[in-house]
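Work through the exercises below with the sequence and the model open. Each task is followed by a solution in steps.

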Amino acid sequence: MLFALALSAFLGTIARAEPTTVTVQFGAGGKAISPDLFGIFFEDLNDAADGGLYAELVQNRSFEYTADDRTDWHALTAWETVTPEGGEATLAAGDMETLNPSNLHYAVLSVTKAGGGIRNEGFGGIVLRAGEKYDLSLFARQLDGAGGPLVARLENKAGEAIGEARLPKPDPTWKKYTGTIEAKKDADDGRLVVLAEGTGKLALDVVSLFPQKTFRNRPNGLRADLAQAIADLKPKFMRFPGGCLVHGDGLGNMYRWKNTIGPVEQRVEQRNLWSYHQTAGLGYMEFFQFCEDVGAKPLPVVAAGVCCQNSGQRLSKKWGIGQRGLPMSEMPAYIQEVLDLIEWANGPTTSTWGAQRAAGGHPEPFHLQYVGIGNEDRITPAFRERFRMIYEAVKAKHPEITVVGTVGPFPDGEDFDAGWKIADELGVPVVDEHYYKPPKWFLDNLARYDGYDRKRSNVYVGEYAAHDEKKRPTLRSALAEAAYMTGLERNGDVVRMASYAPLLGKLGRTKWDPNLIYFTNTRVVPTINYYVQQMFSANAGDRWLPTTVAETTRNAGLATSAVRASKSGDLILKLVNTGASPQPLRIELAGAGELAQDALKTVLAGDPTAVNDLKTPKPLVPETATITAGTTFDYEAPANSLTVIRVKSHAAD
Ligand code: AHR
């Protein structure tokens, strides 16, 4: 113990005596970096959409769950009959004379004694807050019997009614009924009950309950706290809807954007290849709207006319095994679907698809700039042929769109090389690289893009994450990512975009770890990695400044990046110390005459094995303080830390 103290004091003395000089060069030699560098990647994985970001509180609202989603699921999953006050009822699924051709099933409630009804448990309980209002809607049709008015009730787990709305007696034809319910008490595990006051057979479909308080109060909107956590990342772009979800588990499971717009009851629901269900309630209008709300450029990704190479392995072999291409006879229509997406996003309201956007409530264009074609596909002849067809059609009709291609699932190897070859041949503007690797890989590859040929395609690092032991999102993994991100900034002339993956994971429902943000029905739990992403994104610059770090024996774990934000004129210095000792540094800002003395220092530091989770009493978060900077100043980067120093410009004074 004494020896350790003495050694640390000795090392401390040396450290104080010999700071490592970090010189940031202002004048010549800098380079412009992408304004879109740090963004997010959303995939409906780990219950990220239904039961997650999408604020719908009713599970299986359209009675469209099937055993294809999950072997133990069926049309009535998450529903049960209730018979309070002496009522009698049974429940079955109906599939004749449906609400519309997209909506294949509904519930049939047969009430033999008035007072029977159905109850939905939500996604593991419905969170209700006293004084908050909830919008209820449902489609109903009296199939036979006298019928009577309906009562929609919010209940807590004990069965106590804590809010109620009355709806009129349903017609014999499908009709939508709506009401507003105010919760009188809090409940974390509430339920929605719909009771029939009359007898007879009643058909019910699309039974929906939304909090009025969604993100930006949008109807059919997003869960406010979760959406806010994403907005706080200040993403410059958002890639959606996946991932493997895009190309799908077999050709029949591809994500088709047209199925996800328009009134929710008309959207086409389908199996989620991550072994659950997608209602498409969070569809393309909602994705684009969210992008607009948070100031992120939308980056929709469409399948390259082939399904996932892993098809048939996860759940059902029914859709085929391995990668398959859409039949050539279907390709013209598929290509048109991609062109229609661009028209839907950007076209005038007088165009066919621009009019659809306007009908959905958004007459202004969305200013779509990027479209991704393909997601880490195996680069087979089937892929090549279809990618080329789609790419050339988009380029010919929409030269203003920047296409993002794909170079396989890994950071090197056969598909990577073949993907780059296609990109070279076709001149694809941007290609999407993916890697999930241990922290050490990231640290060993800090210079990956230093040698990239600037005349080839730009890079979108569309999916990356440092996977630590047991896939835990530790500080160690977060700092490996931070160090790597300094390399992305340094190469921000060729790396156009980057996004950590995946974004969301519902605790207890994850199929993939780690994720950037964990959540439950009531809590949002950002990982330490989240704060790294936030520190980089909120402190992005548009000009990279050359930085030299003097060679010493002690600075092996140091990675730096300096950028200028020309709007504010601020200099932003990022210092990552992945070493186990503090790093005393002398910062020299050469040629930065107009910079102020005062600066903001934000530091994320701690035990490298630290993880933020539900049980963490004090989550590890960045701490901000004011420091005195100037053109030369000393700073000691703590062991295992990321520091962002933002030196204010006089220019803005
Ligand atoms: O991010 C999770 C998955 O990883 C994505 O769906 C896929 O593209 C990759 O394999």
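The exercises go from the ligand site to the cores, then to single residues and the backbone.

The model is predicted, so local features are given at pLDDT of at least 70 and side-chain atom pairs at pLDDT 80 or more, while totals for chains, interfaces and linings use all residues. Residues are numbered from 1 along each chain as its sequence is written, and side-chain values use heavy atoms, with hydrogens and water left out.

**Exercise 1. The ligand site**

Task: Find which residues surround the ligand and sort them by class.

Solution.
- Step 1. Take a residue as near the ligand if one of its heavy atoms lies within 4 Å of it. The ligand is then surrounded by Phe-41, Glu-43, Leu-45, Gly-243, Cys-244, Trp-274, Asn-375, Glu-376, Tyr-436, Glu-463, Pro-502 and Trp-512.
- Step 2. Count Ala, Val, Leu, Ile, Met, Phe, Trp, Tyr, Cys and Pro as nonpolar, Asp, Glu, Lys and Arg as charged, and the others, Gly among them, as polar. This shell has seven nonpolar, two polar and three charged residues.
- Step 3. Look for polar contacts, meaning pairs of N or O atoms within 3.5 Å; within protein, one must be able to donate a hydrogen and the other to accept it, and residues adjacent in sequence count only if both atoms are side-chain atoms. A polar side-chain atom of Glu-376 is 2.6 Å from an oxygen atom of the ligand, and one of Asn-375 is 3.1 Å from a ligand oxygen. From Cys-244 it is a polar backbone atom that lies 2.8 Å from an oxygen atom of the ligand.
- Step 4. Of the 280 Å² of accessible area that the ligand has on its own, the protein covers 94%. Accessible areas come from the Shrake-Rupley method with a 1.4 Å probe; for residues, only the protein chains shown count as cover.

**Exercise 2. Nonpolar cores**

Task: Name the residues with the most contacts inside the largest nonpolar core.

Solution.
- Step 1. Residues are buried under 20% relative accessible area, exposed over 50% and partly exposed in between (1.4 Å probe, protein chains only). A nonpolar core is a set of buried Ala, Val, Leu, Ile, Met, Phe, Trp, Tyr and Cys residues joined through side-chain atoms within 4.5 Å.
- Step 2. The largest such core has 127 residues, and Phe-42, Tyr-284, Trp-344, Tyr-449, Leu-504 and Leu-642 have the most contacts inside it.
- Step 3. Another core lies apart from it and has 33 residues, including Val-58, Ala-107, Leu-128 and Leu-154.
- Step 4. Contact means heavy atoms within 4.5 Å. Beyond four places in sequence, Tyr-284 touches ten residues' worth of listed partners, among them Phe-240, Pro-241, Trp-257 and Trp-344.**Exercise 3. Helix α11**

Task: Decide whether Gln-533 is buried or exposed, and place it in its helix.

Solution.
- Step 1. Helices (H or I, at least four residues) and strands (E, at least two) are DSSP runs, numbered from the N terminus. Gln-533 belongs to helix α11, residues 528-537.
- Step 2. Gln-533 counts as buried because its relative accessible area is 5%.
- Step 3. The helix as a whole is mostly covered, with ten of its ten residues buried.
- Step 4. Leaving out residues up to four places away in sequence, Gln-533 touches Leu-233, Tyr-464, Met-485, Tyr-500 and Leu-516.

**Exercise 4. Two buried charged side chains**

Task: Find what the side chains of Asp-47 and Arg-564 reach.

Solution.
- Step 1. Asp-47 is in the loop between β3 (38-41) and β4 (79-82), and its relative accessibility of 5% makes it buried.
- Step 2. The side chain of Asp-47 makes a polar contact of 2.6 Å with the side chain of Arg-509.
- Step 3. Arg-564 sits in strand β29, residues 558-565, and is buried at 16% relative accessibility.
- Step 4. At 2.7 Å, the side chain of Arg-564 reaches the backbone oxygen of Gly-569.
- Step 5. Arg-564 and Ile-33 are 531 residues apart along the chain, yet their C-alpha atoms are separated by 9.8 Å.

**Exercise 5. Backbone geometry**

Task: Find which peptide bonds are cis and where phi is positive outside glycine.

Solution.
- Step 1. Most residues other than glycine have a negative phi, and most peptide bonds are trans.
- Step 2. The bond from Phe-240 to Pro-241 is cis, with omega near 0°; the bond from Gly-242 to Gly-243 is cis too, with omega near 20°.
- Step 3. Pro-241 lies in the loop between β15 (237-240) and α3 (244-247), and Gly-243 is in the loop between β15 and α3.
- Step 4. Asn-60 has a positive phi of about 55°, and Ala-78 has one of about 80°.
- Step 5. Asn-60 is in the loop between β3 and β4 and is buried at 2% relative accessibility. Ala-78 lies in the loop between β3 and β4 and is buried at 12%.
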